[in-house]
Amino acid sequence: MILDTDLDLTLRPMKYPQFFQMYRNSLKNIWTTDELDFSVDFEHLRDRISPKEAHLIKRLVAFWATADNIVAHNLVLNFYKHVNSPEYRMFLGKQLFDEMLHVETYLLLVDNYIPDINERKEAFDAYKTVPSVQAKADFCFKYMDSINDLDKLDTPEKRKQFVMNLICFAACVEGLFFFGSFSYVYFLRSKGLLPGLATATNWIFRDESMHIDGAMGAVAAIKVDYPELFDKKLEQDVYQMLAEAIEVELKFCEDALEMGVSGMSPVLMRQYLEFCADARLVQLGFEKRYNVSNPFSFMMLQDVQPLTNFFEKRVTEYQKGLTVKVDDISFDVAF
Ligand SMILES: [Fe+2]
Ligand SMILES: [Fe+2]
């Protein structure tokens, strides 16, 4: 059973081959920050970004400065500790590597976007000092701290608490907070702005989608072994947690857009977050709750072109080692 308290290190016979396969698939998606180039972004920040957009970008950078570190922390303290599958731990090892790449990417972003040393520190402090960023961090810490004392998952109640932590980080943190932040990047990209950030976001978007799939896979495996945990109460708790996450992300949105950015609004963002929440509920095997369409056409473009970014000069394919120029693209390129 996947939440057994005796450490399982046995890979043969393999009990959870789906996680081993996810791990193998994740190895095809390896990139490094050496491939990123923020030089055009720097020019845009100097010459083309309005003060309203600059405020939005400042808030995004403040969120990203610490967000992946929070995710990594929970991954090690809780996912790795409690999901008793050596195959899943292999997947988590790669996820941790990804999260460190994201941390490094956003460190580079802070260094490139914020020339002032004091303002850089402010970005890293934002999770304690800027209310809208703090609210997101507090939401994460609430579900992380709530299982601090769980050493062994030896009762149904404890297993349920862990399942809520797992769902929180997959559905609400990676699946809503990060997707919300990515949507602003693709909005800016639709206006021809910040191609370096757009490229980084393409790669991180793919990673996060994989991480969500991995955690959802863990939830599915837990559901097979412990179906009694997935009762009406858990479903209601998940609905409530997602609703809370949407409000927290909207608070961020209202702050980030407080000066007004034409084409984006809290009303549209609410609909987008509800759309994402429904997608997470479906992944969890629950009923949709909001039944709304995706209001952001620029995100739909992201969905239909998940492997290739046609907007930048250089195209880096999903699999490591397949870096080709735009002119070389053909539909014969194997992904
Ligand atoms: Fe991440
Ligand atoms: Fe992640």
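Which residues does I147 touch, not counting residues up to four places away in sequence? In this predicted model, the partners are N78, Q161, F162 and N165. I147 itself has its place in the loop between α6 and α7. Loop or not, I147 is buried, because its relative accessible area is 1% and buried means under 20%. A further marker of how the chain runs here is K158, which sits 11 residues from I147 along the chain, with 8.3 Å between the two C-alpha atoms.

Stepping back to the overall layout, the protein has 11 helices and 2 strands. Starting at the N terminus, the order of elements is α-α-α-α-α-α-α-α-α-α-α-β-β. Of the 335 residues in the protein, 52% are buried. Among contacts with a separation of 6 or more, 78% come from residues 24 or more positions apart.

T105 is another residue to look at, this time within helix α4, which covers residues 86-113. T105 has a relative accessible area of 1%, so this threonine counts as buried. Leaving out residues up to four places away in sequence, T105 touches W31, T33, L36, A200 and I204.

Next come the empty spaces. The structure holds 3 cavities of 30 Å³ or more, and the largest cavity has about 80 Å³ of space. Its lining is made up of F63, T66, A67, I70, Y127, V133, K136, A137, C140, V173 and F178. Helices α3 (51-82), α6 (131-145) and α7 (156-190) are the elements that each give two or more residues to that lining. By residue type, the lining splits into 9 nonpolar, 1 polar and 1 charged. Two of the lining residues, F63 and K136, also meet in another way: the charged end of K136 sits over the ring of F63, 3.6 Å from the ring centre.

The aromatic side chains make a story of their own, with 22 aromatic pairs in the structure. One of them joins F296 and F298, whose ring centres are 4.9 Å apart; their planes meet at 20°, so the pair is stacked. Both F296 and F298 are buried. Elsewhere, ring pairs tie F63, F178, F179, F182, Y184, Y186, F205 and F252 together into a cluster. F63 and F178 from this cluster turn up in the lining of the largest cavity as well. F179, also part of the cluster, has R280 over its face, at 4.7 Å from the ring centre.

A few spots in the backbone are worth a look too. The peptide bond from R12 to P13 is cis, with omega near -5°, and P13 belongs to the segment before α1 (17-27). Two residues that are not glycines have a positive phi: L194, at about 55°, and N291, at about 50°. L194 is in the loop between α7 and α8 (195-225), while N291 is in the loop between α10 (266-284) and α11 (297-304). Is each of these loop residues buried or exposed? L194 has 1% relative accessibility and therefore counts as buried, whereas N291, at 59%, counts as exposed because that value is over 50%.

Definitions and conventions
Residues are numbered from 1 along each chain as its sequence is written. Chains are lettered from A and ligands numbered from 1 in the order in which they are written. This is a predicted model: local features need pLDDT of at least 70, side-chain atom pairs count only at pLDDT 80 or more; totals for chains, interfaces and linings use all residues. Side-chain values use heavy atoms; hydrogens and water are left out. On a 1 Å grid over the protein atoms alone, a cavity is a set of points where a 1.4 Å probe fits but cannot get out, and a pocket is an open set with protein on both sides within 12 Å along at least five of seven lines; lining residues have an atom within 4 Å of a point. Grid points are joined across faces, edges and corners, and a volume is the space filled by probe spheres set on the points. Helices (H or I, at least four residues) and strands (E, at least two) are DSSP runs, numbered from the N terminus. Ala, Val, Leu, Ile, Met, Phe, Trp, Tyr, Cys and Pro count as nonpolar, Asp, Glu, Lys and Arg as charged, and the others, Gly among them, as polar. Rings of Phe, Tyr and Trp (its six-membered ring) pair if their centres lie within 6.5 Å; planes under 30 degrees apart count as stacked, over 60 as edge-to-face and the rest as tilted. Buried means under 20% relative accessible area, exposed over 50%, partly exposed in between (1.4 Å probe, protein chains only). A charge sits over a ring if NZ of Lys or CZ of Arg is within 6 Å of the ring centre and within 35 degrees of the ring normal. Contact means heavy atoms within 4.5 Å.
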